[in-house]
Amino acid sequence: MSLGAGLKAFLAAAPQVAGGRIYPLRLPRNWRPVTGEVAVTFERAGGGRLHTFDGPTGNDRPTMRLHVWGKGYSETEAAAKAVKDKLDGYRGLMGAVAVAACRCTLEHNMIDPDTQAFHWVLDFFISYEED
């Protein structure tokens, strides 16, 4: 299982995190902000595999960037907090992915000019064992 698939399954299991509306890379084409309904997108934003002089160790430590989208400020902020509470400091399984460490390294908010949705950006450093 990839980290993205594990992350999506892990967040989808928490109903307070976007009610299962979690998507890789982009929102569905027809998505528009609706009161009471938030969505989360995620992407790999950097990082890389750990190496020794002998080569890769089998551990990866990417930055995963999560975007929380919603119509209202309060509901979007609450969903972003739910994501942060679920991930920050987590150790354990995300699906079948063994996560050794997860920490929030960036948090900021804005308004999307195209959809007028409130938009929170959260970066998480995730260290895990590759398959």
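Here are a few exercises on the structure above, each with a worked solution.

Keep in mind that this is a predicted model, where local features need pLDDT of at least 70, side-chain atom pairs count only at pLDDT 80 or more, and totals for chains, interfaces and linings use all residues. Residues are numbered from 1 along each chain as its sequence is written, and side-chain values use heavy atoms, with hydrogens and water left out.

**Exercise 1: the overall fold**

Work out how many helices and strands the protein has, and which pattern they follow along the sequence.

Step one: count the elements, taking helices (H or I, at least four residues) and strands (E, at least two) as DSSP runs numbered from the N terminus. You get 2 helices and 6 strands.

Step two: read along the sequence, and the pattern is α-β-β-β-α-β-β-β.

Step three: check the compactness. The radius of gyration (over C-alpha atoms) is 15 Å, close to the 14 Å from the globule rule (2.2 Å times the number of residues to the power 0.38) for 131 residues, so the protein is as compact as a globular protein of that length.

Step four: look at the contacts (heavy atoms within 4.5 Å). Among those with a separation of 6 or more, 57% join residues 24 or more positions apart.

**Exercise 2: one face of a helix**

Find which residues of helix H1 are buried and how they are arranged around its axis.

Step one: apply the cut-offs, with a 1.4 Å probe and protein chains only: buried is under 20% relative accessible area, exposed is over 50%, and partly exposed is in between.

Step two: go through H1, residues 3–12, and pick out Leu3, Gly4, Gly6, Leu7, Phe10 and Leu11 as buried.

Step three: look down the axis. These buried residues fall within an arc of 160° (from the directions of the C-beta atoms), so they line one face of H1.

Step four: recall the general rule. An α-helix has 3.6 residues a turn, so residues three or four places apart point the same way.

**Exercise 3: two alanines in a loop**

Decide for Ala13 and Ala18: buried or exposed?

Step one: place them. Ala13 sits in the loop between H1 and strand E1 (22–24), and Ala18 lies in the loop between H1 and E1 too.

Step two: read the accessibility. Ala13 is exposed at 61%, whereas Ala18 is buried at 2%.

Step three: check the backbone. Ala18 is not a glycine, yet its phi is positive, about 65°.
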